[in-house]
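Dear colleague,

I am passing on the structure we spoke about, and below it you will find my notes on its aromatic rings and on one part of its surface. Please read them with the model open beside you.

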Amino acid sequence: MAEINTNTVTNCNLYVADKSLLGAVKEIKFPTLKWEMKDQEALGMVGRIKLPVGIAAMEGDITFNSFYPEAMKIIGKPKKFIRIMAMSSLEVYGAEGLEDEVPMVVTMRGWFPELPLGNFKQQDMVDWPTKIAVYGFEQKINNEMIAKYDAMTNTYEVAGEDVLAKYRANIGG
């Protein structure tokens with residue numbers, strides 16, 4: 001009988017432009033890499049199929065749990081690309097309990113098209129949600145590159161395989 005292993009990640013520390021925001025961020029939503037798909041149809045085909053034609057623009061969300069002047073000074077510059085990094089611990093559980101803990105790091109690069117000023121209500125804590133327009137990311141587990149994408153260089157790698165190498169060669173770029 002095969003042993004069941006399960007992984008969990010329950011927390012992280014967020015860095016914006018290499019500054020730790022430990023305790024300042026309520027939630028971060030990293031973007032999803034999504035391929036744009038178009039219908040392909042042709043004479044003789046009884047159906048249509050969807051084929052990938054490119055990668056959609058990506059957007060993430062960060063919600064600060066209060067106002068942090070130093071963070072807002074960094075994200076308030078809409079034409080400056082910023083590196084955002086989440087460092088977490090991936091826990092591996094098996095039949096005997098916790099078997100291993102390895103670092104999981106997700107880094108994205110982009111810019112903030114919005115500068116939140118807050119939503120105030122009497123006797124409520126004020127959150128500061130903002131969005132980040134993402135042009136690239138890296139995901140590493142235990143220092144192994146899992147996925148990497150950069151719209152500015154037309155690169156997309158998964159588990160060390162350069163998925164767009166032939167495409168770049170074919171277009172001369």
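A residue is called buried here if its relative accessible area is under 20%, exposed if that area is over 50%, and partly exposed in between. Please keep in mind throughout that this is a predicted model. By that definition, both Tyr-149 and Tyr-156 are buried, and these two tyrosines also form an aromatic pair with 6.3 Å from centre to centre and 80° between the planes, which is an edge-to-face arrangement. The two belong to a wider group, since ring pairs link Trp-35, Phe-137, Tyr-149 and Tyr-156 into a cluster.

In the structure there are 6 aromatic pairs. Another of them joins Phe-120 and Trp-128, whose ring centres lie 5.9 Å apart with the planes at 85°, so this pair is edge-to-face, given that planes over 60 degrees apart are classed in that way. The partners differ in how they are covered: Phe-120 has a relative accessibility of 60% and therefore counts as exposed, whereas Trp-128, at 7%, counts as buried.

Turning to the surface, Met-45, Ile-49 and Leu-51 make a nonpolar patch of about 230 Å². Of these residues, Ile-49 is placed in strand β6, which covers residues 49-55, and because its relative accessible area is 40%, Ile-49 is partly exposed.

With best regards

Key. Residues are numbered from 1 along each chain as its sequence is written. This is a predicted model: local features need pLDDT of at least 70, side-chain atom pairs count only at pLDDT 80 or more; totals for chains, interfaces and linings use all residues. Side-chain values use heavy atoms; hydrogens and water are left out. Rings of Phe, Tyr and Trp (its six-membered ring) pair if their centres lie within 6.5 Å; planes under 30 degrees apart count as stacked, over 60 as edge-to-face and the rest as tilted. Buried means under 20% relative accessible area, exposed over 50%, partly exposed in between (1.4 Å probe, protein chains only). Patches are made of residues with over 30% relative accessible area and no salt bridge: like charges are joined within 9 Å, nonpolar side chains (Val, Leu, Ile, Met, Phe, Trp, Tyr) within 5 Å. Accessible areas come from the Shrake-Rupley method with a 1.4 Å probe; for residues, only the protein chains shown count as cover. A salt bridge is a side-chain nitrogen of Lys or Arg within 4 Å of a carboxyl oxygen of Asp or Glu. Helices (H or I, at least four residues) and strands (E, at least two) are DSSP runs, numbered from the N terminus.
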